[in-house]
Amino acid sequence: GNVEGYFMPFFVSPIFPSPNSRLSFGPPGVTLTDVRPLERGGKFLSDWELTYQMGGRVQQSIGDADVSAHVISHIDRRTPQVVAFDSNAPPVAVFQPVIQFGGTYQQVFGPYVAKLEAAYRRFYRPASGQTELGPIPDRPNFGVIAAGAERSLYHEDSTETTLIVEAQSVFAVDGIGFFDRPEQIDLTLPLFQRDVLIGARHARNDAAGQEVLVTGIVNVERPEQVILSAVYSRRIGETFGLKAGGRFIRVPPPDGATGPEVGFAALNNDHQIYLILTRYF
């Protein structure tokens with residue numbers, strides 16, 4: 001086993017995709033250029049301003065199982081709140097302080113591997129709800145749990161196929177039943193709120209490291225929402241890497257939904273193919 005500690009003295013502002021990009025998750029037509037990390041007292045930080053973020057993790061092997069527990073206190077970088085402090089100015093992406101604690105479990109059962117992860121995220125805002133620019137809305141605390149299993153198949157030609165199944169769900173959302181989730185899409189929660197992934201990975205185990213990964217993600221509550229993906233990767237010589245893939249995304253908004261499409265619905269029918277050539281130095 002081992003114990004790890006982390007200290008992160010700066011917050012570096014992210015660069016969001018252009019609103020013209022089909023991969024932009026911002027509200028339609030809105031350019032998110034003003035990024036404001038928030039401290040617990042209500043003060044906004046500047047880019048690269050000194051702050052105090054820290055975390056720790058304990059890992060331990062117990063027989064055929066690997067378990068870990070972690071806690072991290074930092075300024076959240078995953079799900080900002082888009083806040084309009086001034087109706088005459090563009091909205092601001094506010095990153096709030098959050099403390100997260102959780103753990104992981106993984107164990108081998110012959111050719112099978114079982115996996116379980118869970119975390120709970122608790123957000124902070126000033127007690128008055130006021131910041132230097134004005135009030136910010138409260139956001140719910142929530143937990144996320146994911147479970148999965150893998151089965152490896154070894155072939156006579158030394159290749160290997162791994163079958164994968166995983167599921168993820170949110171739970172313990174503030175103001176809602178323990179295993180319930182909001183009726184409407186809440187962008188402060190993870191986009192995968194009730195989803196199952198099924199996939200397969202085939203590795204050639206050759207000098208080029210050829211590998212193919214095929215996955216499909218289905219929304220359990222709205223089975224018509226599906227994301228399919230296929231990726232092929234390999235090395236080319238000693239210094240290059242190649243990755244080619246495609247994505248099919250069919251995520252129509254819920255029946256009766258009004259207003260602009262948000263979340264994954266904003267990417268509905270935005271299918272994609274790509275080719276990436278990487279040079280290693």
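The lining of the largest cavity is mixed in character. In this predicted model, its residues divide into 11 nonpolar, four polar and five charged. The lining comprises 20 residues in total. Nearest the centre of the cavity lie Leu 191, Asn 219, Arg 222, Gln 225 and Phe 264. Three elements each give two or more residues to this lining: β11 (194-203), β12 (211-219) and β13 (226-236). Among the residues nearest the centre, Leu 191 is nonpolar, as is Phe 264. Arg 222 counts as charged. Asn 219 and Gln 225 count as polar.

The volume of this cavity is about 250 Å³. With a cut-off of 30 Å³ or more, the count comes to one cavity. Such empty space is revealed by rolling a probe the size of a water molecule over the atoms.

The secondary structure of the protein chain consists of 15 strands, with zero helices. Contacts between residues far along the sequence were also assessed. Of the contacts with a separation of 6 or more, 58% are accounted for by residues 24 or more positions apart.

The overall dimensions and surface were examined next. Along the principal axes, the C-alpha atoms of the protein chain fill a box of roughly 65 × 45 × 45 Å. The chain has 281 residues, of which 33% count as buried; the threshold for burial is under 20% relative accessible area. The exposed area of the protein chain is about 16,500 Å². Carbon and sulfur atoms supply 58% of that area.

Methods:
Residues are numbered from 1 along each chain as its sequence is written. This is a predicted model: local features need pLDDT of at least 70, side-chain atom pairs count only at pLDDT 80 or more; totals for chains, interfaces and linings use all residues. Side-chain values use heavy atoms; hydrogens and water are left out. On a 1 Å grid over the protein atoms alone, a cavity is a set of points where a 1.4 Å probe fits but cannot get out, and a pocket is an open set with protein on both sides within 12 Å along at least five of seven lines; lining residues have an atom within 4 Å of a point. Grid points are joined across faces, edges and corners, and a volume is the space filled by probe spheres set on the points. Helices (H or I, at least four residues) and strands (E, at least two) are DSSP runs, numbered from the N terminus. Buried means under 20% relative accessible area, exposed over 50%, partly exposed in between (1.4 Å probe, protein chains only). Contact means heavy atoms within 4.5 Å. Accessible areas come from the Shrake-Rupley method with a 1.4 Å probe; for residues, only the protein chains shown count as cover.
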